[in-house]
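This report walks through the fold of one chain, its contact with a partner chain, and a few backbone features that deserve a second look. Please keep the structure open while reading.

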Amino acid sequence: MTDAQWETLLRLVQGERFEKPPVGLLVDGPWISWFHGVPLLDYYGSDRVWIEANLSVVEAFPDVLLLAGFWGEFGMSTNPSAFGCRCLWPEDGFPTVEKLFSDYGAIERLKKPNCRTDGLHPFVLKRLQHAQRAMEQIGHRVRFATTHGPITIASYLLGHTELLIGMKTEPAAIHRLLRLVTDFVIDWVRCQKAEFSSVEGVLVLEDLMGFLGEGDFAEFAQPYVAAILAAIDVPVRMLHNDAFGLITARHLAEMDVNLFNFSFEHPVEQICELAGPDVALMGNVPPRDVLGLGTCDAVKESVAGIVSAVDPHRGLLVSAGGFVPPGTTTDKIETLCRTAWDAALS
Amino acid sequence: MTDPQWDALLRVFDGELLDPAPIGFIIDSPWLPNWAGMSILDYYSSERLWLDANLKAIEQFPDVCFLPGFWSEFGMCTEPASFGAKCTFPENEFPFAAPILKDFDAVAGMTKPNCRVDGLAPFVVKRLQCCRKDIEAAGHRIRFAVSRGPLNIASFLAGHTEMLMAVKTEPEAALKLIDLVTDFVIDWLGYQKECFDSIDGILVLDDLIGFLGEPDFRQFALPFFQRIAEAMDVRVKALHNDARGLVTAKCLPEMGFNLFNFAFEHSLSEIRDLAGEEMVLLGNLPPRDVLAAGSPDDVRRETRAMVDSIADKRRVLFSCGGGMPPHVSTENIAAFCEIVRG
């Protein structure tokens, strides 16, 4: 993100008024590699391909805030790899990991990984370090410390079903796991900030919290995410949860989130009401069915609905309701921008 | 390796006496990154830095055959990662793969990894694919499929002590583990050959076999290396074992390998006697104490003694007794080459 783009994001989370609402998109390996015309595994495996692809997207969309921006990541394998999960890299699919635990008893023996040396984390840091000069030559900087959230990471270590069942049947073990993973996440985001002085934001990706009811959310999600955001002193504290998000939205302020990327299944005005005035919203065009598979007309209709449902001049980053998927073409992104800006002006 | 270097290597296999005498060094991450001015983690994590370091080596020493040449690897993590070993990458130390087996009962539950998808293996292949054009533009080709050997990999999965103990206490489980790892190694070497049509050699690295006495070697090593060698239809079948190598040397023809890189503690003549006239020997200056820690004069003196130690220089590639160790200077390699090439 350039200095000017970052300034825009700061103004957004500070609640300032915009004549035209800013447009921001959450972009990572699947879309960037598709847009650049390279296999996803090339994108992960080659730092040359990675930097070329990221340069190509920021040059193609200079007026869009692309978050996290030059994101060093290996998909869902990034964080679980540090715990020792086996990473799988299908040529035509997203990376994933095998779960680590066969039973809850194994949680007892888990030790906190070292985020500087373990798994793919040192490769994330190196990728950004090696790319810094090329990024800065075109005016971009590393702005975000990024991480998957503790429940998401824990669900990969233990298995999704096992984690959710464990909250009911083995709550003490699950808390132990979440505490350890949270400690690791705190180390990881602090490490990124320590390595890159330009980091002034944190992005936590946590869809699994969307599977929890109110009581479980308060017990298993809120305190851990709040601990992470309290551990890093940055002005932009962003949460992504594009699963069910109504409970999340209600708790954003107490978790100290000030930018929320949420599902297209919730009307923006509903999230706005639940989140309150201190949280900027990032959303929420349906990513797959409209941005990825839809037409420009469908994008236009969706964006028009969003900007007409809330005040488009304050606290709104027009975006997708989740990550930008493959299939999202230049003309659809341009339509998204034009519609947002024209509608706000009219 | 360039086409002329590869042709020269094949002529060595044919028993031709080359003039000047051929020189070969196994080079990888313990030596290359620091020699090229970067950390080990920089070398692993950046395709560009990896390529730069390898190009620098071939440009600096155009008369040396570097084996395997443009070796894409992540140290000892390369193969164990496919089995799910947790990998640790310090900035400038060797990476480490933690054991995955808490006991040998767990071997029964293991399944063979998919070398196309699992762990770091896809990244090894991607690096070569992404750099192939640059490698070939420099006149070189990817010649070798490379893998750690089955005992070496198994010892990382189970723990070194545990693996060697199991040879005596749980031989069935140990054999099952080695068998499964061998299947993986065969897949892995075959996949590399499938990806790069220029591959006409294999390099298998297994020091752990040097820890076995002859009966154990014949039961726990020999049949598995035979399977690997038989599975690969290539002209060069290189084995590296720079631990104790006398049993290995005696069994090399049976194993199906035709090039041996061995410890400096065994003389060229001793290994020649054991391995036979047909075996190509790659050795064997002391890597750490002379090539790395010695002065250029030390290297000249010891290299001269090494060259003079064997009368028949056919099927010998002069090298060090192991891979190039850390901290070997350009001057010391030049001193080595000066003596060997005369």
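## Backbone features and fold

Pro68(B) lies in the loop between β2 (65-67) and β3 of chain B. The peptide bond that joins Leu67(B) to Pro68(B) is cis, with omega at about -10°. As this is a predicted model, every value given here is computed from its atoms.

A second cis peptide bond joins Gly283(B) and Asn284(B), and its omega is about -15°. In this case Asn284(B) belongs to a strand, β9 (residues 280-285) of chain B.

Two further residues carry a positive phi although neither is a glycine, namely Phe70(A) and Arg315(B). Phe70(A) is found in the loop between β2 (65-67) and α5 (80-83) of chain A, and Phe70(A) counts as buried because it has 24 C-beta neighbours inside 10 Å. Arg315(B) sits in the loop between α14 (296-308) and β10 of chain B, and with 21 other C-beta atoms within 10 Å Arg315(B) is buried. The table sets out the backbone angles.

| Residue or bond | Angle |
|---|---|
| Leu67(B)-Pro68(B), cis peptide bond | omega about -10° |
| Gly283(B)-Asn284(B), cis peptide bond | omega about -15° |
| Phe70(A), positive phi | phi about 45° |
| Arg315(B), positive phi | phi near 55° |

## Chain B as a whole

Chain B contains 15 helices and 10 strands. Its radius of gyration is 19 Å, close to the 20 Å that the globule rule gives for 342 residues, so chain B is as compact as a globular protein of that length. The C-alpha trace of chain B spans about 55 × 45 × 35 Å along its principal axes, and buried residues make up 56% of the 342 residues in the chain. Of the contacts in chain B with a separation of 6 or more, 70% are between residues 24 or more positions apart.

Six strands of chain B form an open sheet with parallel pairing, in the order β5-β6-β7-β8-β9-β10. The edges of this sheet are β5 and β10 (316-320) of chain B, each with a single partner strand, so one side of each is left without a neighbour in the sheet. Neighbouring strands of the sheet are turned against each other by 20° on average, direction ignored. At one edge, β5(B) pairs with strand β6 (residues 201-205) of chain B in the parallel sense over five bridges, and Arg148(B) stands opposite Leu205(B) in β6(B).

Gly139(B) lies in the loop between α5 (121-137) and β5 (144-148) of chain B. Is this glycine buried, exposed or partly exposed? Gly139(B) counts as partly exposed, because it has 13 C-beta neighbours inside 10 Å. The C-alpha atoms of Gly139(B) and Asn241(B), which are 102 residues apart along the chain, are separated by 30 Å.

## The contact between the chains

The contact takes 21 residues from chain B and 22 residues from chain A. On the side of chain B that touches chain A, α3 (40-45), α4 (47-60), β3 (87-88) and α5 of chain B each supply at least two residues. The most is given by α5(B), with five residues. By class, this side of chain B has nine nonpolar, five polar and seven charged residues.

## Strand β5 and a helix pair in chain A

Strand β5 (residues 144-148) of chain A is mostly covered, since five of its five residues are buried. Phe144(A), Thr146(A) and His148(A) point one way from β5(A), whereas Ala145(A) and Thr147(A) point the other way. In a regular strand the side chains alternate between the two faces of the sheet. β5(A) pairs in the parallel sense with strand β6 (residues 201-205) of chain A over five bridges, and Ala145(A) stands opposite Val202(A) in β6(A).

His148(A) is buried, with 26 other C-beta atoms within 10 Å. Leaving aside its neighbours within four places in sequence, His148(A) is in contact with Asn79(A), Ile153(A), Leu205(A) and Glu206(A).

The axes of helix α2 (residues 29-36) and helix α4 (residues 47-60) of chain A come within 9 Å and cross at roughly 85°, which means that α2(A) is roughly perpendicular to α4(A). The residues of this contact include Phe35(A) of α2(A) and Val57(A) of α4(A), and they divide into four nonpolar, four polar and one charged.

Methods:
Residues numbered from 1 in each chain as written. Chains lettered and ligands numbered in written order. Predicted model: local features only at pLDDT ≥ 70, side-chain atom pairs only at ≥ 80, totals over all residues. Helix = DSSP H or I, 4+ residues; strand = E, 2+ residues; numbered from the N terminus. Buried ≥ 20, exposed ≤ 12 C-beta atoms within 10 Å, placed from the backbone. Contact = placed C-beta atoms within 7 Å. Nonpolar A, V, L, I, M, F, W, Y, C, P; charged D, E, K, R; others polar. Axes fitted to C-alpha atoms, helices over the stretch in contact; angles between N-to-C directions. Parallel < 35°, antiparallel > 145°, perpendicular 65-115°, else oblique. Pairing = 2+ DSSP bridges. Rg over C-alpha atoms; globule rule 2.2 N^0.38 Å.
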